[in-house]
Every structure is written in structure tokens, then in C-alpha cells.
Amino acid sequence: MSKTDVILIGAGIMSATLGSLLKELVPDWEITVFEKLAKAGEESSNEWNNAGTGHAALCELNYTSEKPDGSIDIKKAININEQFQLSKQFWSYLVNSKLIKNPEDFIMPLPHMSLVQGQKNVEFLKKRFEAMSKNPLFQGMEFSDDPEKLKEWLPLVMQGRTSNEPIAATKIDSGTDVNFGALTRMLFEHLQTKNVKINYGHSVDDIKRTSDGSWELKVKNVNTGSVERHTAKFVFIGGGGGSLHLLQKSGIPEGRHIGGFPVSGLFMVCKNQEIVEQHHAKVYGKAKVGAPPMSVPHLDTRYIDNKKSLLFGPFAGFSPKFLKTGSMLDLVTSVKPDNVLTMLAAGAKEMSLTKYLIQQVMLSKEQRMEELREFIPDAKSEDWDLVVAGQRVQVIKDTEAGGKGTLQFGTEVITAADGSIAALLGASPGASTAVHVMLEVITKCFPQQIKSWEPKIKEMIPTYGVSLMEHPELIEEIHTSTGRTLGLTRELALVK
Ligand SMILES: Cc1cc2nc3c(=O)[nH]c(=O)nc-3n(C[C@H](O)[C@H](O)[C@H](O)COP(=O)(O)OP(=O)(O)OC[C@H]3O[C@@H](n4cnc5c(N)ncnc54)[C@H](O)[C@@H]3O)c2cc1C
């Protein structure tokens, strides 16, 4: 039996971020990681399993809603933007301290654009632009409904467009493409040099509280089948889709009445490099009526393995697995006596989502191409392949506003009352806000230490605890300093 201060379950971006924060705050704490796969960042955090959008609410239309009086509510967009600024500051700290190198291997500057068609949508986008561009967090946003301007911004999208329907876009050059897989691997390589024990090929099969209040984990070596026991004073369940089952095994009351519903993602990838080179942006459209927010279609330039790629999607899909490498029994075995009513209520309420997912699963390649042609009218079937992305497990819980069995689209941090264990459930806005979410874990789980850790947190993340909206003078400063360190102010010509 081995004893350690902290155990992190799972080697995705969340554990990588929490481990990196804790190593800076308390370097002498012993940290052990268990990951069932052979490498870090192989599930949702892998570059091919997510869209790599540095979510700062620059282009995602689902973060801004139209109020009944016709005005646009940008509160959520401000919130997400502020959270992304925390991530950029922490990554800059790591680069400046030489704890990780070559930021261009995980983050690239890339314009973020929103694109809509139809008079009503154009009017919505214009109002949204007017509300956002006044805000210093979204400075530099441009709007155009002039086809000639749009041709300059989006040559591939405008080429061969015959429809007379009104069309408009917004563009902001301070967007990013983030390779979360590369970042996750870099962070674990760094942690390994700081004596963090990372055990790949080790699956955590059970979690129990011991008589002294710490946690005992039953861990199976997936290669040899041997079983080990490890204890820790603090456990973080960062198992991605695997977190719900582990939370249930811990038996903490805070984990009761919670269920999960898996939604898989599929992307189309362009294999014609000539086409890839004609596009340079992340372009988000509007979700179809009845579609859940995570299936907003977007056409994305990506930088993966030092190569420019072009992806379109995600199409939603259904698989009962909670992880891409999970089991077909994941959904069934997640239903427990304490959450069965919650799950049944969600099943009855979410018939339209079920119907939508079934329709998505049934789509033929040609039908998917038709959706792509709303973005690239000339797209040819032979230039595009379908790839399966990651699984997202949406949280289902009982809420005051939504009632029993309400489907949640955000992330949820669940912690035991004594702060000795925390789990991260849900998937959105996801990896981009890992620093904010892991700071929430630290605040909730280490209330005794957080005051004394604040100076170090502020050294790493200067605007920690400060609202940028209330201190607009800091925005320019943060943009400039993180931009310089992370290479985001490079001439666009250089990164094309
Ligand atoms: C289609 C899609 C598109 C997305 N697009 C974006 C985007 O554009 N921008 C963005 O910011 N976010 C995006 N996300 C969300 C983002 O990918 C996730 O929020 C993030 O990667 C989750 O990280 P994680 O560390 O929690 O989980 P993961 O990266 O899934 O890591 C969990 C790890 O735990 C391991 N594990 C599980 N169970 C066990 C166990 N019992 N024992 C040991 N190890 C275990 C797994 O093998 C895995 O390695 C997207 C997600 C999907 C699916």
C-alpha cells in the first residue's frame, strides 16, 4: 500500500492543470497520477477528439442570447472570456518560467468568425456585434454584410455562392486554435520532472474512504492484471467521461441524484491541402432549431502536428460509452437507485434531443456534405473524410429552475463537504476554461490554505480574483503580455 498527498485520476487536461497549479503552490506535496491508457491526453483532450477552439466567446453564438425585448444578453460571453484570460495567463507563466517550451506547439493565433444567413439572423448578428464591440473584452470585432468584404474574409465560403439570401459575419483577429492534446502532454512531461509519479496503464477501479478520512484506491495494472492499493489525503477524479462512475463509487452524498448522458462528436476532415490553404479562421454558425448547443456547426482551421488542417462539424452521435475507449455498458451501469428517477425524468423531458441524436446518427455522408455546403458551397465529397471525435457526458441533475432530471450543458465541480475529494463532470466550455475550473477545485477543497496561496496564485495569474469588466485598464495589459509570451501577436502572414 502506498501513501501520497494527492492522487489525480486520469491524464487529461484537467488533471494536468490541477497538478501543475498544485506543484507551484506546494512543491513538496507528493502527487501520483493514474491513467488507464498508455499515454496522456488520449481521450477528450486529444487534438483529434475536440475542436481546439480557445473558447473566449468571440464567435460562439450560443453564448449570447436574444432577450424578449430584442436586446442581446452578453453576460455569459463576458464570463467565458474572463475565464479564458485566466488560462492564457497561467500558460504564459509556465512559458516564462521555462516549465513548458514552444507555445506555438499548442496555441496559434487564428481569427474567430460568426457566420449567419437569412434576414432575421443577420439582424441578430448585427445587434450582437453592436453589444459586444462596445465591450473592451471584445475589442477589434468587425461586422460585415457586404459580399465583397466577406469574399476577402472568407474566400472559400463565398466562392460559388449563388443564393441571394442576406449573409453576414463578424470577425475578430484575437482568437486562437489550441492543441489541448499537445498542451496536456507538455504539462505531464513537466510534472514528471517535478517528481510527480505518473502511472500509465493503471485503471482506478474503486474508491473507498478509510477510517482516518483519507481515500483508498483500488488500482489495476491493465497490462499485468495485478491489483494495487494506494491512499491519499486528497483525490481529484479527472476521468473525463469516466468520472461519474468513480464519483458514484466514492459514495459521497454530493454525488447522489446525478446522471450522465453521452453525446459523441464526429468531424469531417478535408484531405485536399489546396482547399485547406484557402481558409484561415474558425467560423461558427447558428445551431439548427432543436439542436443542442454542443452541435453548433463550425468550419475550423486547425494546427495539428505542425500542419494546417480543415475540419467541419461536429455532428452529434449516440453511443452508450462514456469514454471513446469506454464500455457499451457505461450508460446502463451509471443508473443507480439514487439517480434512476432523475434519469427517467430526463428521458421523458429530452425526447426532442433523443430524436435529434437519432436523426444525426442516421445521416448519410451525402447528407453531411449538404450541411457542409452551407459553409462551402463547392465542397466535393471526395475531398472529405469522417472522423470520430470524443465523447461528452452531459450532466443530468435535479435543479430548482428546471425541475427533476434537467440536462446541463456546462461543467460541474462536485466536492465532498470536507474537501477531500473532487470530481469534474460535464464538458463545456471545456478545456479552454481548465484553469478557472481547477482554481474552483482548489478554492473549494483547500479553504484553510487558499489565503496563504493567494500571492503565488496572483504571481501566476495576475488578474486572479479581479473582474476584468470592472478593471478594463487591465485588459490591454493582459492581451499584450500573454500575446507576446504565447506568440499570439505574430504577423498573421507568418502563421498562414
Ligand atoms: C467533440 C468535442 C469537441 C470539443 N471541443 C472543444 C473546444 O473546441 N474547446 C474546448 O475548450 N473544449 C472542447 N471540448 C471539451 C474538452 O475536450 C474537454 O472538456 C476536456 O478535454 C476534458 O478534459 P478531462 O481532463 O476532463 O478529460 P479527458 O481528456 O477525457 O481525460 C480523462 C482521462 O481519464 C482517464 N480515465 C477515465 N477513467 C479512468 C479510470 N477509472 N482510471 C484511470 N484513468 C481513467 C481517461 O483514459 C482519460 O485519459 C470538446 C469535446 C468534444 C467531445
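Student: Which elements each supply at least two residues of the shell around the ligand?
Tutor: This is a predicted model, where local features need pLDDT of at least 70, side-chain atom pairs count only at pLDDT 80 or more, and totals for chains, interfaces and linings use all residues. Residues are numbered from 1 along each chain as its sequence is written. Helices (H or I, at least four residues) and strands (E, at least two) are DSSP runs, numbered from the N terminus. The elements you want are α1 (13–25), β2 (31–35), β11 (202–209) and β18 (384–399).

Student: Which of the 41 residues around the ligand come nearest?
Tutor: A residue counts as near if its C-beta atom, placed from the backbone, lies within 6 Å of the molecule. Those that come nearest are Gly 10, Gly 12, Gly 240, Gly 242 and Gly 265.

Student: What does the crossing angle make α1 relative to α13?
Tutor: The axes (lines fitted to C-alpha atoms over the stretch in contact, with angles from 0 to 180 degrees between N-to-C directions) come within 9 Å and cross at roughly 60 degrees. Under 35 degrees counts as roughly parallel, over 145 as roughly antiparallel, 65 to 115 as roughly perpendicular and the rest as oblique. Therefore α1 is, relative to α13, oblique.

Student: Which strands stand at the edges of the open sheet, and why is one side of each left without a neighbour?
Tutor: Strands pair if DSSP finds at least two bridges between them. Here 9 strands run in the order β7-β8-β6-β15-β16-β17-β14-β18-β19, with mixed pairing. One side is left without a neighbour because each edge strand has a single partner, and these edge strands are β7 (142–144) and β19 (403–407).
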